[in-house]
Amino acid sequence: MKTIFLYIRPKLRQMSLQLSIKFAGTIVELLLPWMLSVILDTYAAWGNQTMIWIWGGLMALCSAGALAGNVIANRMATRISRDITISLRRDLFQKITLLSARQEDAFTTPSLISRLTSDTYNVHQMIDRMQRLGVRAPILLLGGVTVTLSLEPVLTLVLLTALPLLGIVVSFVSRKGIRLYTRTQEALDRLICRAQESMTGIRVIQALSKTGYEKARFDADNREAANRECTAGLLMNLTNPVMNLVLNTGLTLVIVVGAFRVNNGDTQPGTIIAFLSYFTIILNALMMVSRLFVMYSKGAASGRRIAEVLDTPGEMETLSLPVANQDLHIEFEHVSFSYAKRKNDIEDINFSLLPGETLGIIGPTGSGKSTLLRLLLRLYDPDAGVIRIGGRDVRSIPMKELYTMFGTVFQNDFLHTGTLGDNIDFGRDLQADQLVYAAKAAQADFIFSRKEGFQGNMASRGANFSGGQKQRILLARALANHPQILLLDDSSSALDYKTDAALRRALAKEFGGCTKIIVAQRISSIRHANHILVLEEGHTVGYGTHETLLQVCPAYREIARIQTEEVE
Amino acid sequence: MAAGKDLPGGPRGGAFERPKERAGVTLRRLWRYLFQYKWMLVLAVLLSVGGNLLALVGPKLSGYAIDAIKPGPGQVDFQTVFYFAALMLLFYLFSAVFSYILAALMVRLSRNIVYRLRKDVYDHLMQLPVHFFDSYPIGNVLSTLSYDIDTVNTSLSNDLVQVLASIITVGGSFFMMLSISPILILIFVVTIPASIVFTKYRSKRVRPLYRRRSEKLGELNGYAEEMTGGLKTIKVYGREANFQKRFEERNTAASQANYEADSFACMAGPTVNFMSNLSLMLVSVFGALLYMGGGITLGGVSSFVLYCRKFSGPINEFANIISELQSALAAAERIFRLLDQQAEVPDAPGALELKHVRGAVEMQDVCFGYGEKPVLQHFSMSAQPGQTVAIVGPTGAGKTTIINLLMRFYDPDAGVITVDGKDIRSLTRASLRRAYSMVLQDTWLFTGTVLENLAYGKEGVSKEEVEAAAKAAKIDGFIRSLPQGYDTVLQDGGMEISKGQKQLLTIARAMLLDAPMLILDEATSNVDTGTERAIQAAMLTLMQGRTCFVIAHRLSTIQNADQIIVLQNGAAAECGTHQELMDKGGYYRSLYQAQFDTGKA
């Protein structure tokens, strides 16, 4: 909550004004039943009509005052909570975009999404309601008790004996209830995951006629979620009847004790009537308090989850490190790295590229090809060794500068809702001719044959385009800015050979000056690279040109043999 | 998952577009759900009536008790006080018990309805044609499944009882007040019209504001969800600031819409209290005047005040309930629209089981398009039992469509597809689909153990059989290297394993299935060459004696095919064996040669 409080602090001044107004409005409201008792016990008993009218007028005034105060205060509260939420959500998203890849992996994407959506929503609700009810409920409660004490201390004591009992019930139920609701939420999350999963796999499910099986699995989760919800509901619904019963019992006692007091001449019947009115107020206030309690625990839990992200220390600081050989464009020197920090995912990788050279990386699935690109991009820092660009250690290059150097296509890279043009431009405000140029170079001619061209719609994850089309859009994105370094991770695997060849020609012709690292499965994609790195389980098993590798590297020879023997 | 339970605005606009139905139709369909539990409902109504009536008697009794407390020392009629106090206790106790039983009943009722709705929606989803999932965002369906169903349920179970309780409370209080003092009732001539006017005004103003709020929040959440999926790409393009700015726009819009709705809605509470306070004031003044004239007792005034509070509460509550009901109706409409999506056309009456498949497949003059645009035009082909048919062609030429039609995920607009001479429309879908094993471009794994994932599709296989298939697909070694081997649970559809490994797993699944016909759709394009070769060897064994349809960009995969069909613009442009097509020197030849074109040419 400390972190969340930092967001509340700048608003404290406004908040205290809001709370004071709320306070005033609530106090005024509290006076009403007392005024009722004055009218009944004093003026009605005396038969003073004028005074009754005057006090009636006062009551109307107080009611109006309460209305005005509460409305103003509530509006202020929503404004304050709006401002707090905007900045909290903004900072959270900002922080999320700045998390290092390792931190992002640790949080996991679904969790980050729910922190951004449901958790910020819960915190907003909490801040909003706390301001509105947080003052009102305690004041009504304390004020109600104070006024009744001044009216009739003995009767109040009767009422007060009920309070500890209520406290116990409320705190027991809400504590247990929160736990039950957390469990319900977990079951619901599982349910939704299950539904999402089977919708993605609908083809497989229908092809294998497994719909019955899927229905049964969903049914089990559904039943579980529904039952947990039910259990939680059965418990939570206990509060109101119990509270009502306890308080109504107290009320009956008030009447009985009041009867004795009136009989002894210690109090008046009108007071008991006023008392009963306060009593409803106190009852309502108590309900509010118990609701507040639930809301606070929910908001606080969400607040903690948000704070976890916000308080994550920045990783990947820019270090100042000495500059080495500036002739080389890209250099890997004894680089080792492990994601899980157990077994190395890549080990002792060495290569160097002059400006304009091309490196091809080939090797089996899971051999560490993509990892090399991620290290060069400094999404992760190597555990050992040095990576240099233009002689500078990548750790010494400010992120802003580093990322302007690259054009990158990851495997199954990110495409988002918007237009085709948006996805190629990717927020860089490129010129229209740059887009056209990039699309042509990336062989994405299909864009021009579409009626809407760059204005064509892109669905989330590019779902409305084929694999080959998506890859070409992503390529266009990488090329659009004429980067110094082009990183392509298996980015033409869905293209047919003809398009792939045309792409290679275009890259050689138009992007000759740009240093390229190409991860591929097909030898034809990389055979003319200046250097080829053959990886197996994170180790270099071959490094050289196509011709040398054919002679000295059995693994490479094997791949080449498989891929070319069909030519015969 | 972001479809949190209490997130408003989950559903994003645009899904399941269809003309809006009249509210009456939606209500009637909702009623059908409730009607399944009619006995629970009847019991709930009885309890609600009983509980509320009991609670109504309380203030009246307290009024009698107070009347027995005559002002002045020694005047109190204790016997009467005790009598009514005891009655009060009894009534309150019963009322509490009733209301808890009612609440418990409603919790169970709502559990049943939620369960039922979710089951119906999900079961229906499983019956929907693949086409549906190709064209609607899954996120929208999910938010219907969680958020919309929740909204409907809350409203059905809570609001219904609340409406009922309110009616009883209002009616009962009115009757009670009438019995205490018919004249004092006249004060409501002032407050009721005021309440009604305010309520009407408020709900008219608030409704569009709330709608906007849900919309904007939905947009914001959708954006957050999408962007969080692309963080690494955003980072390597250094576009953080840019996407932050776009997020900020949506953030501000959503917060502002929320503010506008709330700043109006937050008037409701104070106004309700104001009405109630105003009534209190009127009762005090006129009650006092009446009391002076002897028209009412003090106890009467007391009871009147308590009833008056009960009376004005629900009237203002109605506004809330109405707006809740409206959002529930909108949600219900989305649910029903989903349920109205045309399920797969049922199997023809008397459809036959496809048994003892030989594997002769023929497509005659097939035309098909997903929408306006035709994808296949008068396409024909025929595969003899045991033949391998390879389909090649540029992206978008309709290769995947052929698979969709063969598996009957879609029906052709014209033309006939037969298996062993039988029109596939005369066969049951299940038996037709079981006749194929399939390895698709998009690998699909679910949360479950590796074993479960592999054995999916074939019931009752032994662990040994699964392991044998895994070995054949060259993935056994990898599986054994996982922490729990075959019992390792794959989270989130196998997020933690690479695409190539996922593909190997789905290949192993297909191998295990051992169906008489085989479909491979670009299955090997992400596997490295060494592995691919090993798989191919295994595949060749598998393909023996089976009819196979292969779509691959690597010509090596299909060179040995009995028949290669080159698909261009939705029709078979060329057809023949590898050698025949090479000799012909057409598109296939140029495609084949491109494989060895290095870009330096």
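These are my notebook entries on a predicted model with chains A and B.

**Entry 1: chain B as a whole**

I began with an inventory of chain B and found 20 helices and twelve strands. Next I looked up burial: of the 601 residues in chain B, 50% are buried. I also checked how far along the chain the contacting residues sit from each other. Among contacts in chain B with a separation of 6 or more, 80% are between residues 24 or more positions apart.

Then I turned to the domains. The assignment for chain B lists domain 1 (17-181 + 319-344), domain 2 (182-295), domain 3 (347-435 + 516-601) and domain 4 (445-514). I noted that domain 1 and domain 3 are each written as two stretches. Between the C-alpha centres of domain 1 and domain 4 of chain B I found 49 Å.

**Entry 2: where the chains touch**

Which helix of chain B gives the most to the side that touches chain A? I looked at the whole contact before the helix: 142 residues of chain B are in contact with 144 residues of chain A. The helix I wanted is helix 3 (residues 78-127) of chain B, which supplies 23 residues. Sorted by class, the chain B side of this contact holds 74 nonpolar, 46 polar and 22 charged residues.

**Entry 3: a four-stranded sheet in chain B**

Here I traced an open sheet of four strands, in the order 2-1-4-5, with antiparallel pairing. Strand 2 (374-383) and strand 5 (422-423) of chain B each have a single partner strand, so each has one side without a neighbour in the sheet.

I then zoomed in on strand 1 (residues 361-369) and strand 4 (residues 414-419) of chain B, which run antiparallel and are joined by five bridges. One pair to find on screen is E362(B) with its bridge partner T418(B) in strand 4. Helix 11 (residues 399-406) of chain B packs on this sheet and touches strand 1, strand 2 and strand 4. Its direction makes about 115° with that of strand 1 of chain B.

**Entry 4: a covered strand in chain B**

Are the residues of strand 6 (residues 436-439) of chain B buried or exposed? I recalled that side chains in a regular strand alternate between the two faces of the sheet. Y436(B) and M438(B) lie on one side, S437(B) and V439(B) on the other, and all are buried. Strand 6 pairs with strand 9 (residues 517-521) of chain B in the parallel sense, over four bridges. In that pairing, Y436(B) stands opposite M517(B).

**Entry 5: a six-stranded sheet in chain A**

Moving to chain A, I followed an open sheet of six strands in the order 6-9-10-3-11-12, and its pairing is mixed. At the edges are strand 6 (406-409) and strand 12 (539-544) of chain A, each pairing on one side only. With direction ignored, neighbouring strands here are turned by 15° against each other on average.

Inside the sheet, four bridges join strand 3 (residues 358-362) of chain A to strand 11 (residues 531-536), and the two run parallel. L359(A) stands opposite H531(A) there. Helix 11 of chain A packs on this sheet, touching strand 3, strand 9 (485-489), strand 10 (515-519) and strand 11, and its direction makes about 150° with that of strand 10. Helix 16 (residues 467-479) of chain A also packs on the sheet; it touches strand 6 and strand 9, at about 170° to strand 6.

**Entry 6: back to helix 11 of chain A**

I checked this helix (residues 369-376) once more and found seven of its eight residues buried. Among the buried ones are K369(A) and R374(A), along with L372(A) and L373(A). After the helix comes R378(A), whose phi is positive, near 55°.

Methods: Residues numbered from 1 in each chain as written. Chains lettered and ligands numbered in written order. Predicted model: local features only at pLDDT ≥ 70, side-chain atom pairs only at ≥ 80, totals over all residues. Contact = placed C-beta atoms within 7 Å. Nonpolar A, V, L, I, M, F, W, Y, C, P; charged D, E, K, R; others polar. Buried ≥ 20, exposed ≤ 12 C-beta atoms within 10 Å, placed from the backbone. Pairing = 2+ DSSP bridges. Axes fitted to C-alpha atoms, helices over the stretch in contact; angles between N-to-C directions. Domains from an automatic or database assignment.
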